[in-house]
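Dear colleague,

I am handing over the structure we spoke about, and below it you will find my notes on what turned up when I went through it. Please read them with the model open beside you.

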Amino acid sequence: MAQYIHFKDPNSEEMIRLLERIPRSPGTCFFMDINRSTDMKYQGGLKDWGRKLNNTFNNLLFANHFQHNVVKGIGDEVMLFIPDEELRKKKSNNTYFALLEDIYASLFLIGHHPDPDLFLNCKVAIHYCTEVYHITFFEGANDYYGSDIDLTARLMTKCIENRIVLSEGFYIKAKNDLISLGLPLETGCMERVSDRFIENFKGVPESTSFRVIDIL
Amino acid sequence: MELKEQKTENCMIISIHGRLDTTNYSILEKKLMELIEQHEDKILIDCADMDYVSSSGLRILLMALKRITLAKGKFALCSLQENIREIFEISGFTNIFDIHLNREDALKVF
């Protein structure tokens, strides 16, 4: 559970001491957004868009056992965070490459399903985070904060329908998994990874490198 | 994960044993694509001993279905365990795949 931060005194020294002791919680952050769901809410009723959101979130999350890693949902966008220590304990999807491959497969299944009325296409941003803390400012809530979480959100701005945007840091993690497993670097969806892009994001002091995978 | 093949008079049966996930789906992919290239387009996948399937595994099954349907062949599945059936349901696969309760029933459609 996230460490609850709550001090009435804005100058609390105890708060400072607590914050200094909080360890980092490295892991993988995902932002997933469902396309066209806002338009749909103006065009149809809850039974239409609610059904498609249910189907799409199920397909994205539950089929891949990520449901316990949802940190929050904002509208039709969800944030997932998988701490490294939890990833290593999983029976499957326990490497960064496996996470990427299964997210790619989920988007592929949605995009290629013969019935276009069941699911909605998605876009996903993925970043490997080191500057992240498992804390919350709201009692009982689970959350993660840190500059790397903010960067994942920034990467979403480079996403379009049926695209995965992955930070260079996450790409290197996935590539290293393939090397460790003795697999070719073009295995699975890694074959479709683009060249590196470099961008300056608002509020981020250094340039950010990222790559994309378009779901074909 | 282990694959077992059995050629019958009317089709090729592929039995999947264990977990079909990102670490091994390429083995199934290679096998199915080889069969399709050899015009072996009547294939039954026996899932009785398949404990788990990830999205990567489902993707290979969907690709095989599309290729075999295009070749006017027949692709069916049988003996899905309850947890596997649930994943198929979530993925909207139960309506697009020809799924049978057991191997005996499945063989009747080939």
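**Chain B: hairpin and helices**

In chain B, strand E1 (residues 2–7) and strand E2 (residues 12–20) run antiparallel and are joined by six bridges. Please keep in mind throughout that this is a predicted model. The two strands form a hairpin, with four residues leading from E1(B) to E2(B), and one of the bridges can be located by its partners, B:Lys7 being matched with B:Met12 in E2(B). E1(B) has little covering it, since the count of buried residues among its six residues is zero, a residue being called buried when 20 or more other C-beta atoms lie within 10 Å of its own.

Further along chain B, helix H1 (residues 25–37) packs with H2(B) at an angle of about 5 degrees, and the axes of the two helices are 9 Å apart. Because of that angle, H1(B) counts as roughly parallel to H2(B). On the H1(B) side the contact is made by B:Tyr25, B:Leu28, B:Glu29, B:Leu32 and B:Ile36, which meet B:Ser56, B:Gly57, B:Ile60, B:Ala64, B:Arg67 and B:Ile68 of H2(B). Sorted by class, the residues in this contact are seven nonpolar, two polar and two charged.

**Where the chains meet**

The contact between the two chains draws on 21 residues of chain A and 16 residues of chain B. On the side of chain B that touches chain A, helix H2 (55–70) and helix H3 (82–90) of chain B each supply at least two residues, and H2(B) gives the most, with five residues. That side of chain B is made up of six nonpolar, seven polar and three charged residues. H2(B) therefore appears twice in these notes, as it also packs with H1(B) at the angle of about 5 degrees that makes the pair roughly parallel.

**Chain A: overall form**

Chain A contains seven helices and nine strands, and its C-alpha atoms fill a box of roughly 60 × 50 × 35 Å along the principal axes. Its radius of gyration is 18 Å, which agrees with the value near 17 Å that a compact globule of 216 residues would have. Of the 216 residues in chain A, 34% are buried. When one takes the contacts in chain A between residues at least 6 apart in sequence, 70% of them join residues at least 24 apart.

**Chain A: the sheet and its helices**

Seven strands of chain A form an open sheet with mixed pairing, in the order E3-E4-E2-E5-E7-E9-E8. Strand E3 (70–74) and strand E8 (197–199) of chain A are the edge strands, each pairing on one side only, and from one strand to the next the twist averages 20 degrees. Within the sheet, strand E5 (residues 122–129) and strand E7 (residues 163–167) of chain A run parallel and are joined by four bridges, and A:Ile126 has A:Leu166 in E7(A) as its bridge partner.

Helix H5 (residues 96–112) of chain A packs on this sheet, where it touches strand E2 (27–34), E5, E7 and strand E9 (208–214) of chain A, and its direction makes about 175 degrees with that of E5(A). Helix H6 (residues 147–156) of chain A also lies across E2, E5, E7 and E9 of chain A, running at about 150 degrees to E5(A). The buried residues of H6(A) are A:Asp148, A:Ile149, A:Leu151, A:Thr152, A:Arg154 and A:Leu155, and they pack against E2, E5, E7 and E9 of chain A.

With best regards

Conventions:
Residues are numbered from 1 along each chain as its sequence is written. Chains are lettered from A and ligands numbered from 1 in the order in which they are written. This is a predicted model: local features need pLDDT of at least 70, side-chain atom pairs count only at pLDDT 80 or more; totals for chains, interfaces and linings use all residues. Two residues are in contact if their C-beta atoms, placed from the backbone, lie within 7 Å. Ala, Val, Leu, Ile, Met, Phe, Trp, Tyr, Cys and Pro count as nonpolar, Asp, Glu, Lys and Arg as charged, and the others, Gly among them, as polar. Axes are lines fitted to C-alpha atoms, for helices over the stretch in contact, and angles run from 0 to 180 degrees between N-to-C directions. Angles under 35 degrees count as roughly parallel, over 145 as roughly antiparallel, 65 to 115 as roughly perpendicular and the rest as oblique. Two strands pair if DSSP finds at least two bridges between them. A residue is buried if 20 or more other C-beta atoms lie within 10 Å of its own, exposed if 12 or fewer, and partly exposed in between; C-beta atoms are placed from the backbone. The radius of gyration is taken over C-alpha atoms; the globule rule is 2.2 Å times the number of residues to the power 0.38.
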